[in-house]
Amino acid sequence: MGEALVACAKCGGLLDVVYDWGRVGLPSSPAAFEARWSNRRDPLDASGVWRFRELLPFAPPEAVVTIGEGQTQLRSSSAVAEFVGLRPDRLFLQYEGLNPSGSFKDNGMTAAATHARMIGARLTACASTGNTSASLAVFGSTTGLFGTVVFVGSGKIAYGKLSQALDYGAVTLQIEGDFDDALIRVREVCEARNIYLCNSVNPFRLEGQKAIMYRVLEGLDWNPPDWIVVPGGNLGNSSAFGKAFAELKELGLIDRIPRMAVINATGANTLYRLYEQQGLRWNGGAVDAAAIERFYAQMDAEGRRAQTLASAIEINRPVNLLKCLRALETTDGAVRQVSDAEILDAKARVGAGGFGCEPASAAAVAGARLLVQEGLIARDERVVCILTGHALKDPQATVEYHSPGGAGTGARSSNRPRVVANDFDRIMEVLEEIG
Ligand code: F0G
């Protein structure tokens, strides 16, 4: 197969996909993308990624690998708006958990799988906190185009996700250590064996993930919201979103770029510390690399490792840090951290007021709430929170939260299961109690 490089051989910096837009025939209006959606028999038009194909024009149509990703919804939720502190019609949830593998990763994986096919890859791999592996595995199993090997940290993956990799037939390597360890190892192995790497270090992944923003804009009639709020782990999404907005603006498809807030878990807050506490900035590309080195050296010296119940974003060294800094500059962004307790309360509110999400996704909602409390987001601004993964990815977190003695104890969102005798009268009594 052809060689696929993800980083510059000289400086190690990640590569970017850049287009000569002058050679791309763009539709005259973004409404044309939506019109394609009704053409359901053409898999490219039905895909929530490829119906925007002119905005990621790297693949000939016959090379596209699609499994029907991106049929997701943007919905306004008054219940969650109330929790966040916004006017009832001002909060929107982008449900990326409705993708085939249950997370936003399918948006990026369709693009990576397409590129893998273009260069004739037979074997693909990734390291994962669970969702990337589930996504890669389902692309492998449904298309049969390539084998899949997934590296996961030991004991660091929610069962819903692990079960997917196993069920879809991926070779699953449980590596001693955490996600960061697994990512270093898989990059080494892929380079040595010329295996196609599908982590978000792969720039084509990010090309696909831009489509999440296209669909958000479409849901709002191409009238950009005031804020996009997204959880931050390896920072692939935030990087992709910034690139999407910069390109759309350049192409004249939007006239205003929303602000973006990236939300870390307090226990995995590298970006928050660097950006908000140390003032690290993109600086038009002149990033203070020494400051980042010092930060990681200190992290290692103190033996500090990421730890959060939101296992999807339990990451120490986000590989897309630089691209994310660029995206924060593009979007005049902000970074915040939220505790596991805040994440779980927000998750329960999303469950009670919507389709639910996994813990990492709820960080976006908890973060939006914090930003409203701070006054950085005004009550009548339009805010979109990206719900990155389905609630069933991590049912254990949900059941523990609602169980007696769980983290939800005393919270308004707690929904304790009631133990009741299998007896008609007792059941009627309980129903009387709830009115
Ligand atoms: N939310 C969910 C549900 C995730 O699975 C991830 C990342 C993120 C948020 C963070 O997104 O990396 O783009 O900042 N999961 C990766 C994985 C690391 O292996 O599945 P990011």
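Just after helix α12, Asp332 takes a positive phi of about 50°. I start there since α12 comes up again in a few minutes. One thing to say at the outset: this is a predicted model, and every value in this talk is computed from it.

Let me stay with α12 for a moment. Which residues of this helix are buried? They are Leu321, Lys323, Cys324, Leu325, Ala327 and Leu328. Note that a lysine, Lys323, is on that list of buried residues. As a general reminder, an α-helix has 3.6 residues a turn, so residues three or four places apart point the same way. The cover over the buried residues of α12 includes the helices α8, α9, α10 (270–277) and α11, together with the strands β8 (259–265) and β9 (334–338).

Now the whole chain. The secondary structure comes to 16 helices and 10 strands. With a radius of gyration of 21 Å, close to the 22 Å that the globule rule gives for 435 residues, the chain is as compact as a globular protein of that length. The C-alpha trace spans about 70 × 50 × 50 Å along its principal axes. Of the 435 residues, 55% are buried. The accessible surface comes to about 18100 Å², and carbon and sulfur atoms account for 49% of that. As for contacts, take those between residues at least 6 apart in sequence: 72% of them join residues at least 24 apart.

For a single buried position, look at Ile386. This residue lies in strand β10, residues 383–387. How buried is Ile386? Its relative accessible area is 0%. Leaving out residues up to four places away in sequence, Ile386 touches Gln94, Glu96, Ile212, Met213, Val216, Ile228, Val229, Val230, Pro231, Phe241, Ser361 and Ala364. For a sense of distance, Phe33 is 353 residues from Ile386 in sequence, and the two are 21 Å apart in space, C-alpha to C-alpha.

Next, the pockets. How much space lies in the largest one? The volume is about 760 Å³. The largest pocket is lined by 25 residues, and those closest to its centre are Gly12, Leu14, Pro318, Val319 and Leu322. Here α12 returns: α7 (179–193), α11 (289–301) and α12 (321–330) each supply at least two residues of this lining. Among the elements, α7 gives the most, with 5 residues. By class, the lining has 14 nonpolar, 4 polar and 7 charged residues.

The second largest pocket has a volume of about 440 Å³. It has 19 lining residues, with Ala4, Leu5, Val6, Glu191 and Leu197 nearest its centre. Which elements each supply at least two residues of the lining of this pocket? They are α7, β6 (196–197) and α8 (203–219). Helix α7 again has the largest share, here 4 residues. This lining divides into 12 nonpolar, 3 polar and 4 charged residues.

That leaves the enclosed spaces. A search of the whole structure finds 3 cavities of 30 Å³ or more. The largest cavity holds about 320 Å³. Its lining is made of 25 residues, and nearest the centre are Phe104, Lys105, Gly233, Asn234 and Ala312. The elements giving two or more residues to that lining are α5 (131–143), α8 and α9 (236–250). Of these, α9 has the largest share, 3 residues. What is the make-up of this lining by class? It divides into 8 nonpolar, 15 polar and 2 charged residues.

The second largest cavity has a volume of about 50 Å³. Tyr95, Glu96, Gly97, Leu98, Phe355, Gly356, Cys357, Leu387, Gly389, His390 and Ala391 line it. Two links back to the Ile386 part of the talk: Glu96, in this lining, is also one of the residues that Ile386 touches, and Leu387, also in this lining, falls within the residue range of β10. By class, the second largest cavity is lined by 6 nonpolar, 4 polar and 1 charged residues.

To close, back to the helices. Helix α7 gives the most to the lining of the largest pocket and has the largest share in the second largest pocket. Helix α8 supplies residues to the lining of the second largest pocket and of the largest cavity, and is part of what covers the buried residues of α12. Helix α12 itself contributes to the lining of the largest pocket, and Asp332 with its positive phi comes just after that helix.

Notes: Residues numbered from 1 in each chain as written. Predicted model: local features only at pLDDT ≥ 70, side-chain atom pairs only at ≥ 80, totals over all residues. Heavy atoms only, no water. 1 Å grid on protein atoms, 1.4 Å probe; cavity = no way out; pocket = protein on both sides within 12 Å on 5 of 7 lines; lining within 4 Å. Points joined across faces, edges and corners; volume = space filled by probe spheres on them. Nonpolar A, V, L, I, M, F, W, Y, C, P; charged D, E, K, R; others polar. Rg over C-alpha atoms; globule rule 2.2 N^0.38 Å. Buried < 20%, exposed > 50% of the residue type's maximum accessible area, 1.4 Å probe, protein only. Contact = heavy atoms within 4.5 Å. Areas by Shrake-Rupley, 256 points an atom, 1.4 Å probe, with all protein chains shown as cover.
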